Every structure is written in C-alpha cells, then in structure tokens.
Amino acid sequence: MYQGGYGSGKTWCGSLLGLMLARKYPGSRGLVGAKEYELVKNTTLQSYFEHLENMGYVKDRDYTYNKNDKKITLSNGSEILFKGLDDPEKFKSLNLHWAEIEEASQISDSAFKQLLARLRNTNRKPSWGDFKFRLFGHTNPQPNKGWIWKRFVENPKVNYRLIIAPTSENTNLPKHFIESMKDEYDPEYYRINVLGEFGNYSSGLVVKNFTPENEKPLTYNRDLPLYLTCDFNVDPMCWCLAHMDEKDVFFFDELVIENTSTQACIEEFIRRYPNHRSKIVICGDASGDFRNAQSEFTNYMIIRRALEAHGYSVDFKIRPYNPPVLRRIQAFNARVCNAAGERHIFVDPKKCKWLMHNIYNLAFKEGTSIVDIPTVKQIKNDREAKFLEHIFDAASYLIEYFFPIK
C-alpha cells in the first residue's frame, strides 16, 4: 500500500508498476480498479497511456485499447483490465495475476478481499521464473481506522507492506509547491494530505477522544451486578454486557448475532453466564417494551421470563422513550474522556470486537451532526457495514440512563 500526500506520485508509481508486470510476464492478466470506473478512466488509464508513450510503444502496433471491453492488450499477449470496484460481484469471475487499486481508501474491505480471491490465474509460463501474485494500491490516508489501518498497521501479515510517501520527497515538483501548501493548510490537514501520515481519527467520528487508555482486558465477576443493555434490531441483534461502579463503566463482552430473535439471544446469554450470583440489570431501547403484531410478549418480557426461569434476580432500568441520539452521543463521549482528561469508559478490545469497530468507524455525514448510517447497497457490498450503529446504540442507552448530560 503506497500512502502519500498530494503530488507524491501515487498514480504514477502504481501505473508504472502495473505496466512493468505486464511487460515482464508475457500473457499475464492484471486489473486496475477504483471505487468508480470514472476515476479509473480519468486518472489511472491516462497514466498508463503516458507510460506507454514514454516507453516508445505505438498504438495498434505495440498495444491496442478496446473501449468496449475497457482493456489494454500488449503485443506480448498481456492484458490490463480497467474496472469499477463499487460492486464486488461484478468481478467475481475473474482470474488475475495482479491487481492495482486507485484511491484504495475509498473501496470497502469486502472489495479488497474479493480482489485477493481473484489472484489465482493458473496460466503461468516457465519463463516467468520468479513470478509472484501481486496486489498493490495507492491512496491518501483513510479518514477513519478502516481496513487499510487494520491490515497494514494494526495486524500486518508478513507479505503486507506499507509505504508512507510525503509530497516533499517528490523532487520533480516545483519548489514553491510545498511552501504554498504550508501557507494554505492547517497543521493537521498538512500532516495528513502532504506528509501522508495517519491522522486524528476522531475527527468526524461519533465517538471522540477514545484512545488505547480506554482499552483494557476485563474480567467478568459473577458476584457483581451485570448490566445487559439491548438494541433489538433483528440482523444483527446487538447487546452489550458491562460491570459498573459510581463513575466507571466496564464493557467486558457483547452479543452480536445475525438473523436472530430475542429468545435466541437471551438463551445465548444464559449459556455464556449460567452461574451469575448477583442481580442482572436490563437497559436499552425503549421500543423493546412495546408489543408487536407477531407476539403478545414484548422483548423485555421475553428476557424477564427466561432469566427468572433460570433463577436470576432481574431489575429493569429503561426510559419510557428513547432520548435523542445526540444526547446519547454526548453522554457517551463525556464518559470516554471529559474536559479534565478523566476516562470512565473501558472496553475489552478482544471480547467487544463490534463495539470497537463502531468506536473507530461510526461517523457523522460530512458537515452535519447526522449519523451516517449505511445504506442497503453499502451493506450488500460490504458485509461489515451492517454492524455499524446498533451495537453503539445498545452501549449508549446504558450510558445515557446512568450518566446523562445534565
């Protein structure tokens, strides 16, 4: 992954590498993609044409370009395909030797994984010798801790490599170019978009100022009150489990189950915690106290019946109506880190995978205070998108009830 600032040569380098691979391995097949085909057509494809010209390639003699198939074919038989990656299903049948991603931060993790699965073309010639399948991308830094951060910084595998490319290292730029950006940009924007560094990922996110200080391994204690806070979305249904004292909340586990029911979730809870001795306090979505057309029981009635049948002591702390989402967000952030720098929310990052995913990725729509909830199309193209929002809702119901902004 080549991550750089403006003018750091990202597209130039990526297209040069793609063309070098097509030249080196005659008869190979590569794909160049971006979130939308228009971006590929207007930037990356033009860069390939420039490299071909600079290498002395003559169109219709040394290479051809088919507009309908969106494909460059070299005289050595190598093919370079150009596609949009907005829908991973569209390139599911391809078999590739290499792939290049333009503006990689804009595509989903599912598109990245689909490209990895496409690197399986068995048409390899003995003359290729040292051939290795290659996937490479170039990008500006992501606006959140998305898949690039996870795969190339947080948990990199041995064959993953991240290059940070500051604009200042491109010696071909005019001397005034860097200085003019220093004058125009604030320090944080300059650090991200010129130096190419990872930024302050709480900017634009729903949860602010959450740091590794808020993360710690937590231990469940069956002799302490257990707080179970619920969101009743069906796919997935999301519940958070916590211990709590007068000022601190410790999220030690979560229940996140797809295509399920309240009955199935409470049975899973009992399976995990069969011998709890202290009381269980139920919090969460006020709508869970409403009956629906399919059942004479409310969600909370189902939970109460199951827990009491198992011998648990149960208490309910639920508002008669849900507070505005911004009030819940403010209350949650005030516990994450207050103005005095005190932290009162702690999350076990291993056991609370999806709560952590929300903390680092749930964002506001740009320039607004409206939470950016994934659309049906986004969820279809990126499975992880379906896990945004609901687990945060569950956690924030608990926080707002016991620690409201006064």
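Biologist: What share of the 406 residues of the protein count as buried?

Modeller: In this predicted model, 50% of the 406 residues do. The test for "buried" is a relative accessible area under 20%.

Biologist: Okay, try that on one residue. Why does Q114 count as buried?

Modeller: Q114 has a relative accessibility of 13%. The cut-off asks for under 20%, so 13% passes and Q114 is called buried. Q114 belongs to helix α3, residues 109-118. If you skip its neighbours within four places in sequence, Q114 is in contact with P88, F91 and K92.

Biologist: And G14, why is that one called buried?

Modeller: Same kind of check. The relative accessible area of G14 is 5%, and the limit is under 20%, so G14 is buried. G14 sits in helix α1.

Biologist: Which residues does G14 touch, not counting those up to four places away in sequence?

Modeller: Y48, E100, F136 and H138. Also have a look at T44: it is 30 residues from G14 along the chain, with their C-alpha atoms separated by 8.4 Å.

Biologist: What makes you call helix α10 mostly covered?

Modeller: Helix α10 covers residues 353-361, and 8 of its 9 residues are buried. Those are W354, L355, M356, H357, N358, I359, Y360 and N361. Their cover includes α4 (147-154), β10, β11, β14 (345-347) and α12 (390-402).

Biologist: Which residues of helix α7 are buried?

Modeller: In α7, residues 262-272, they are T262, C265, I266, E268, F269 and I270. These pack against β9 (226-231), β10 (237-244), β11 (249-257), β12 (280-284) and α8 (299-309).

Biologist: Now the sheets. What is the order of the strands in the open sheet of 8 strands?

Modeller: The order is β3-β4-β5-β2-β6-β7-β1-β8, and the pairing is mixed.

Biologist: Why do β3 and β8 stand at the edges?

Modeller: Each of them, β3 (63-66) and β8 (163-165), has a single partner strand, so one side of each has no neighbour in the sheet. Going from one strand to the next, the twist averages 15°.

Biologist: How do you know that β3 and β4 pair?

Modeller: Count the bridges. Pairing takes at least two, and β3 and β4 (71-74) have 4, in the antiparallel sense. So they pass the test and pair. For one such bridge, look at Y63, whose partner in β4 is L74.

Biologist: How many bridges join β1 to β7?

Modeller: There are 2, and the strands run parallel. The rule says at least two, so 2 is enough for β1 and β7 to pair. One example is Y2, whose bridge partner in β7 is H138.

Biologist: And how do you know that β6 and β7 pair?

Modeller: They share 5 bridges, in the parallel sense. At least two are needed, so β6 and β7 pair as well. On the β7 side, H138 turns up again, this time opposite E102.

Biologist: What is the order of the strands in the open sheet of 6 strands?

Modeller: That one goes β13-β12-β9-β10-β11-β14, again with mixed pairing.

Biologist: What makes β13 and β14 the edge strands?

Modeller: Each of the two pairs on one side only, with β13 being residues 314-316. Neighbouring strands of this sheet are turned by 30° against each other on average, direction ignored.

Biologist: How do you know that β12 and β13 pair?

Modeller: They have 3 bridges, in the parallel sense, against a minimum of two, so they pair. In β13, D315 is the bridge partner of V281.

Biologist: Which strands does α8 lie across?

Modeller: β9, β10, β12 and β13, and α8 runs at about 165° to β12. Helix α10 lies across β10, β11 and β14, at about 105° to β11.

Biologist: Back to the whole protein. How many helices and strands does its secondary structure come to?

Modeller: It comes to 12 helices and 14 strands. Among the contacts with a separation of 6 or more, 71% are between residues 24 or more positions apart.

Biologist: How far apart are the mean positions of the positive and negative charges?

Modeller: 5 Å, with 55 positive and 51 negative charges.

How values were computed
Residues numbered from 1 in each chain as written. Predicted model: local features only at pLDDT ≥ 70, side-chain atom pairs only at ≥ 80, totals over all residues. Heavy atoms only, no water. Axes fitted to C-alpha atoms, helices over the stretch in contact; angles between N-to-C directions. Buried < 20%, exposed > 50% of the residue type's maximum accessible area, 1.4 Å probe, protein only. Contact = heavy atoms within 4.5 Å. Lys, Arg positive; Asp, Glu negative; His and termini not counted. Charge placed at Lys NZ, Arg CZ, Asp CG, Glu CD.
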